[in-house]
Amino acid sequence: MTEKIKLQRPKGFFSKFDRRPGPVKTNMHYCPGCGHGIMHKLIAEALADFDMQQNTIFIAPVGCAVFTYYYFDCGGISVPHGRAPAVATGIVRATPDAHVISYQGDGDLAAIGLNNFLQAANRGENMVVFFVNNAIYGMTGGQMAPTTLPGQKTVTCPNGRSTVNEGYPLKVSEMVAALDSPVYVERVALSTTKNIMQARRAVRKALQNVINKKGFSMVEALSGCPVNLNFNAQEMNEFIDNQMMSYFPLGCLKDIADNRDPIKRPVSIYAKNKVKAVLFPQAVDGGVDAEFENPSELFKKERRIKCAGFGGQGILSLGMMIASMAKLRNFNVSWLPSYGPEKRGGTANCSVVLSRSEVGSPLIDSDCNLLIAMNQPSIDKYLPELKDKGVLLYDSSTASAPENIGNRIVYSVAASNIAEKMGSIKCANSVMLGALAVILRDYFLEKDDPQDFDRVFEEAILDCFSHKKNTIRLNFNAYYAGKKAALEILQSSTVKG
Amino acid sequence: MAEKKRKIFSVKIAPQECKGCSRCVNACPKSVLKIQENINQMGYFFATYTGDGCVGCGACFYNCPEPGAVTIYEKSEE
Ligand SMILES: Cc1ncc(C[n+]2csc(CCOP(=O)(O)OP(=O)(O)O)c2C)c(N)n1
Ligand code: SF4
Ligand code: SF4
Ligand code: SF4
Ligand SMILES: [Mg+2]
């Protein structure tokens, strides 16, 4: 006679649950007859059979199953309510070799976590979700869940769920199966032996998909919470088979894993300098070497510039060109647009802050050093933000000189008129930029190299319009026209003065 | 004539692992499991094998929510 063991405690569990507090170290914290235990057993058995524990990360959010890391002999994380698919996404993107399991209750997945879950499913994340649907919030004492059946009494719907008031149970599997990304969706039940054996097959199939990197799989398991529903073992099974199944029919809703290639996503980047290079691509033209620092005393403090006007005048790209100049000369720079909901017309403004060290606030509502205003309302509105001795440059074809300017320095150029004569009002911003290149010479230049000063304006135009090659020429012409106009005005005023 | 090997199955329920939920008792097609009259250290009336008639179908094992309460053995005659 030889005796062997046919079925025993699955090896996917720790042999002793040392992480579980209290004296009991071999069985789990679940109530007698709880479906979580049955599901755990099926998963633990498969983890060991498929020799996948080493690479598996088991994620459980709050719910009765929050302590899965006590039990499963693999990587484990407990996460906030509803967030397991988000955490799983991070893990699976960062470590594509990991086999990621998200184990969620119905309150967790179908209520607070529904968006996280659906988005992960729709992205086809390489993971499996084991969705344990017991039609109740188990852990917190039996409140109504999105999956609670019509007429089912819970502590928060003591007269039974009313479809008039709370709607019908949420059919999660049907929703997920309707999406294109998921490869496998099956609903099973942890009730009779026959149903449990089908659940076992589904668990194993889903885990095989994870091993083969086939994308998103989900197994929804109708499960018993005999304690909150106040049933004995037999009544619990009857409730699952007769009541729950009439709303949640069992079956495979989708299985296309065989038609899908293993998922390969771009390799993640973590090195700081590489991330920076991706987020802030180097300028296509121009720029200086990394050691360069502008010598002017003026930039000891950060410089705060606001551009404002009508939407459609190119206000935001004017600000962007100024920001580009700063970027091309190794300043730290922020560019913060603000505009009405309409794309054309309305008002627009942007704040540009440049600094040798870190930019403080990117928002300008006071202490402005330079205000570029392309209409009257902008002057009226933003002049008070301009500092004493700050510079105002405005478009004299759309606005007139303000009164009460104090010690502020005021320049103007008829930018819109000039631009219109050149064929497009849209390049009024480049006319303003040209004027700026003239008026700032004395004010901002100080110890700068004058040739470099001219060059950086041109580099900025190239930088900003590199994706619209056919407008580069127009904007260059507008820029030179703005320079010329500003020079003429300056010369005539010095002659007069 | 070569005789077919006869297999004998038996089941053991660890008293300290069982929570007495009766799932195994209800699931056993041979009705060879029962809840007995003593309580274990956790305070549950635990299940036990009546000692004869197990066919090794595994129903009790997969119905049981506890990791290590049920073990099924298989003996084969030489
Ligand atoms: C952000 C947050 N909100 C609420 C809770 C309270 N809470 C804990 S578990 C739970 C519901 C769990 O129900 P389910 O996901 O169905 O798991 P079950 O216990 O039924 O398996 C709630 C609402 C919490 N822990 N965190
Ligand atoms: S409350 Fe319900 S779901 Fe939670 S452990 Fe108990 S039986 Fe299981
Ligand atoms: S293995 Fe089958 S026959 Fe044997 S005790 Fe378990 S359920 Fe009954
Ligand atoms: S199913 Fe498991 S816990 Fe429940 S009575 Fe049987 S052996 Fe005990
Ligand atoms: Mg629940």
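Colleague: Which strand of chain B do five bridges join to β1(A)?

Modeller: This is a predicted model, where local features need pLDDT of at least 70, side-chain atom pairs count only at pLDDT 80 or more, and totals for chains, interfaces and linings use all residues. Residues are numbered from 1 along each chain as its sequence is written, chains are lettered from A and ligands numbered from 1 in the order written, and side-chain values use heavy atoms, without hydrogens and water. Strands (E, at least two residues) are DSSP runs, numbered from the N terminus, and two pair if DSSP finds at least two bridges between them. β1(A) runs antiparallel to its partner, residues 70–76 of chain B: strand β4.

Colleague: What is the bridge partner of T2(A) in β4(B)?

Modeller: Five bridges join the two strands. For T2(A), the partner is S76(B).

Colleague: What area is buried between chain A and chain B?

Modeller: Buried area is the accessible area (1.4 Å probe) lost on putting two parts together, summed over both. Carbon and sulfur atoms give 57% of it. The total is about 2900 Å².

Colleague: Which residues of chain A lose the most area to chain B?

Modeller: Three stand out, together giving 23% of what that side buries. They are M1(A), L7(A) and K41(A).

Colleague: Which side chains meet in a salt bridge across the interface?

Modeller: The rule wants a Lys or Arg side-chain nitrogen within 4 Å of an Asp or Glu carboxyl oxygen. It finds one such bridge between chain A and chain B. At 3.8 Å, N to O, the pair is K4(A) and E74(B).

Definitions and conventions: Helices (H or I, at least four residues) and strands (E, at least two) are DSSP runs, numbered from the N terminus.
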